[in-house]
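Subject: Structure handover

Hello,

Here is the structure I promised to pass on. My notes follow below it.

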Amino acid sequence: MAGLLTLSRTIDRVNEFIGKWVSWLILLAILVSAANAVIRKTFDMSSNAWLELQWYLFGAAFMLAAAYTLKQNDHIRIDIVYGMLSRRVQHWIDLLGHLFFLMPFVTLMVIYFVPYVSLSFRSGEMSNNSGGLIIWPAKAILLAGFFLLALQGISEIIKKIAIMRGDMDDPTPFISVHEQAELEAKALAEEVRS
């Protein structure tokens, strides 16, 4: 299990680095959008390439940060039933969800995206919009995002098994929304008293 946990920590570090780095793409997309708007309004000219660049940057941030979001346990979930269950049952739900839903999905996406990206790259596929960008980098970002998500899924499976066996502590203990609100209220009350 020690070797698998080392693999898991390596995957976590890679996805954390990428997830934090690509967050800057949001700022870059905003700057491109603002510059495009100013040029369009000031000089009455625009380019589809600038619009597509915004989409590419935002899409890259979204896809390449998906694995980091999974690592941080920040994906949206409905905690109505989940929060009422014991932590051991929650771990089983997470493990089975990763094994039977996440991994088959990301595996299929990676398998299908490889020829999709390859064909786009070989053909030099261009945007249908006049003055648009080449398409294969956007498709390659989709492939990379699903590949990173698959790696993070493997890491999460390893960690869930290790937690359930008692080989490691739970890095993200579940706190219900109600408990979180109580903790925040207590912290705020302490801050006000200080």
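Please keep in mind that this is a predicted model. I start with one residue on the surface and work towards the charged pairs.

Ile-93 has a relative accessibility of 39%, so Ile-93 counts as partly exposed. The residue sits in helix 4. Ile-93 also belongs to a nonpolar surface patch of about 560 Å². The other members are Ile-80, Val-81, Met-84, Leu-85 and Val-89. Two helices each supply at least two residues of this patch: helix 3 (79-82) and helix 4 (87-123).

Next, the record. The unreviewed UniProt entry lists residues 21-39, 54-71, 92-114 and 134-155 under "transmembrane region". I have figures for two of these spans. Residues 21-39 are 100% helix and 0% strand in the model, with 28 Å between the end C-alpha atoms. Residues 134-155 are 91% helix and 0% strand, and there the end C-alpha atoms are 34 Å apart.

Now the rings. How many aromatic pairs does a search of the whole structure find? The count is four. One of them is Phe-105 with Phe-146: the ring centres are 5.7 Å apart and the planes stand at 80°, so this pair is edge-to-face. Phe-105 belongs to helix 4 and Phe-146 to helix 5 (residues 136-165), so the contact ties together parts that are 41 residues apart in sequence. The two partners differ in cover. Phe-105 is partly exposed, at 43% relative accessible area. Phe-146 is buried, at 10%.

Phe-113 and Tyr-116 make another edge-to-face pair, with 5.4 Å centre to centre and 70° between the planes. They are three residues apart in helix 4, so about one helical turn separates them. Phe-113 has 9% relative accessibility and counts as buried. Tyr-116 has 42% and counts as partly exposed. Together, Phe-105, Phe-113, Tyr-116 and Phe-146 form one aromatic cluster. Tyr-116 has a charged neighbour too: Lys-139 lies over the face of its ring, 4.0 Å from the ring centre.

Last, the salt bridges. Side chains of opposite charge can pair when their charged atoms come close. Nine salt bridges turn up in a search of the whole structure. Lys-159 bridges to Asp-12, with the closest N and O atoms 2.9 Å apart. This pair links distant parts of the chain, as Lys-159 is in helix 5 and Asp-12 in helix 1 (residues 2-43), 147 residues apart.

Are Lys-159 and Asp-12 buried or exposed? Both are buried. For Lys-159 the relative accessible area is 9%; buried means under 20%.

Lys-159 has a second partner, Glu-156, and here too the closest N and O atoms are 2.9 Å apart. Glu-156 and Lys-159 are three residues apart in helix 5, so they are separated by about one helical turn. Glu-156 counts as buried at 9% relative accessibility. Asp-12, Glu-156 and Lys-159 are thus linked in a network of salt bridges.

Helix 1 holds a further bridge, Glu-16 with Lys-20, whose closest N and O atoms are 3.0 Å apart. These two residues are four apart, about one turn of the helix. Glu-16 is partly exposed at 25% relative accessibility. Lys-20 is partly exposed as well, at 45%.

Best wishes

Notes. Residues numbered from 1 in each chain as written. Heavy atoms only, no water. Patch = residues over 30% accessible without salt bridge, like charges linked within 9 Å, V, L, I, M, F, W, Y side chains within 5 Å. Areas by Shrake-Rupley, 256 points an atom, 1.4 Å probe, with all protein chains shown as cover. Salt bridge = Lys/Arg side-chain N within 4 Å of Asp/Glu carboxyl O. Buried < 20%, exposed > 50% of the residue type's maximum accessible area, 1.4 Å probe, protein only. UniProt positions renumbered as here; feature names shortened; annotations may be inferred. Phe/Tyr/Trp six-rings, centres within 6.5 Å; stacked < 30°, edge-to-face > 60°. Lys NZ or Arg CZ within 6 Å of the ring centre and 35° of its normal.
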